[in-house]
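Good morning, and thank you for joining this group meeting. Please look at the sequence and the structure as they appear, and I shall take you through them step by step.

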Amino acid sequence: WGGGEGGGGGRGGEAASIDATHAHASGEEEREEALGAALVAELRPALKSASLTSLSLRGTKLADGGAILLAHLLHEGGGGVRQLDVAHTRLRTDGALALARFVKGSALTSVDFSMEQPLSLSAMLALADAAGGARELRALKWECEVPLSSVRHRLRMGAALARALQLSATLAELELGGQAMCLAEGEVEE
C-alpha cells in the first residue's frame, strides 16, 4: 500500500485488498498514536468501497485512537471488508473494545487479534463475545507471545471462547497460540 491513493480499489468487480503491514515511524508514543490514526483516516475512501474485502494493519502503529476510528469507519462504510488483521499493533483496551463492538454482528469471515502482550481481561472477554456474535466469522486467530499469568483470567477466557464456539454457527478455525485456557499440571484455581 502506498498511502494517499487509499489502496487498490478493485477493477472490473475484482475484490481489493489493503495491506499496510509494517508501516513504521519513529518518535514518541503520542506521535505513533497520531500516525496510526492518520493511517486509518487515509483509508476512509477505500473503506467505503464495496470491493475492499481484506484489510491488514498488521505490525502498524495502530493504537486505541486509530482502532476506535477504524471501528467507526468500518461500521459506517466497510460493508465489503470480510478479513481484518490488526495483529501485532499497539492496540489496547479502548481500541479492542471498539473493534469488538464492530465485530459482533458484522459479516467478517476472518479476524486476527494476535498480540505480543495480553489485552485487559475486559477487552479479551468482549472480543470473545464478539466472535460468538459475528454472523459469518469462520476463523479467529488470537495468539499471544506472553500468556495470561492469572489462573482465574485464563479460566474465564477459556469459558468465554468455549461459549463463542457454542454460539457461533460458522466459527470453524480458532488459533490460540500461547494462550493457556486451563489449569497447568500442579496448578490450583485461585
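**The nonpolar core**

I begin with the interior of this predicted model. Its largest nonpolar core has 47 residues, and those with the most contacts inside it are Leu 47, Leu 70, Leu 99, Phe 113, Leu 140, Trp 142 and Met 157. Which elements supply it? At least two residues each come from α1 (29-42), α2 (44-47), β2, α3 (64-77), α4, α5 and α6. The greatest contribution is that of α5, which gives eight residues. As a general remark, nonpolar side chains tend to be buried together in soluble globular proteins.

Let us take one member of this core, Leu 99. Setting aside neighbours within four places in sequence, Leu 99 is in contact with Ala 67, Leu 70, Ala 71, Leu 84, Val 86, Leu 91 and Phe 113. Two of these partners, Leu 70 and Phe 113, are themselves listed among the core residues with the most contacts.

**The overall plan**

Let me now step back to the whole chain. The protein has six helices and six strands. Read from the N terminus, the order is β-α-α-β-α-β-α-β-α-β-α-β. Of the 190 residues, 45% are buried. The protein exposes about 9300 Å², and carbon and sulfur atoms supply 49% of that area. Among contacts with a separation of 6 or more, 83% are between residues 24 or more positions apart.

**Two helices, α5 and α6**

Next, the helix that gives the most to the core. The 13 residues of α5 should span 18 Å at 1.5 Å a residue, and this agrees with its end C-alpha atoms, which are 18 Å apart. Its buried residues include Leu 121, Met 124, Leu 125 and Leu 127, together with several alanines, one of them Ala 128. What covers the buried residues of α5? The cover includes α4 (93-103), β5 and α6.

Helix α6, residues 151-167, has 17 residues and reaches 24 Å from its first C-alpha to its last, close to the 24 Å expected. Val 151, Arg 154, Met 157, Gly 158, Ala 160, Leu 161 and Ala 164 are buried in α6. These buried residues pack against α5 (121-133) and β5 (139-141).

**Strands β2 and β3, and a loop**

Finally, I turn to the strands. Why is β2 described as largely enclosed by the rest of the structure? The reason is that four of the five residues of β2, residues 52-56, are buried. Strands β2 and β3 run parallel and are joined by three bridges. Within this pairing, Ser 56 stands opposite Asp 85 in β3.

Gln 83 also lies in β3, residues 83-85. Is Gln 83 buried or partly exposed? Gln 83 counts as partly exposed, because its relative accessibility is 39%, and buried would mean under 20%. Beyond residues up to four places away in sequence, Gln 83 touches Thr 53, Ser 54, Leu 55, Leu 108, Thr 109 and Ser 110.

Thr 109 is found in the loop between α4 and β4 (110-112). Thr 109 is buried, with a relative accessible area of 11%. Although Gln 83 and Thr 109 are 26 residues apart in sequence, their C-alpha atoms are 5.9 Å apart in space. With neighbours within four places in sequence left aside, the contacts of Thr 109 include Arg 82, Glu 136, Leu 137, Arg 138 and Ala 139.

Thank you for your attention.

Conventions:
Residues numbered from 1 in each chain as written. Predicted model: local features only at pLDDT ≥ 70, side-chain atom pairs only at ≥ 80, totals over all residues. Heavy atoms only, no water. Buried < 20%, exposed > 50% of the residue type's maximum accessible area, 1.4 Å probe, protein only. Contact = heavy atoms within 4.5 Å. Areas by Shrake-Rupley, 256 points an atom, 1.4 Å probe, with all protein chains shown as cover. Expected span 1.5 Å × (residues − 1). Pairing = 2+ DSSP bridges. Core = buried A, V, L, I, M, F, W, Y, C linked by side-chain atoms within 4.5 Å.
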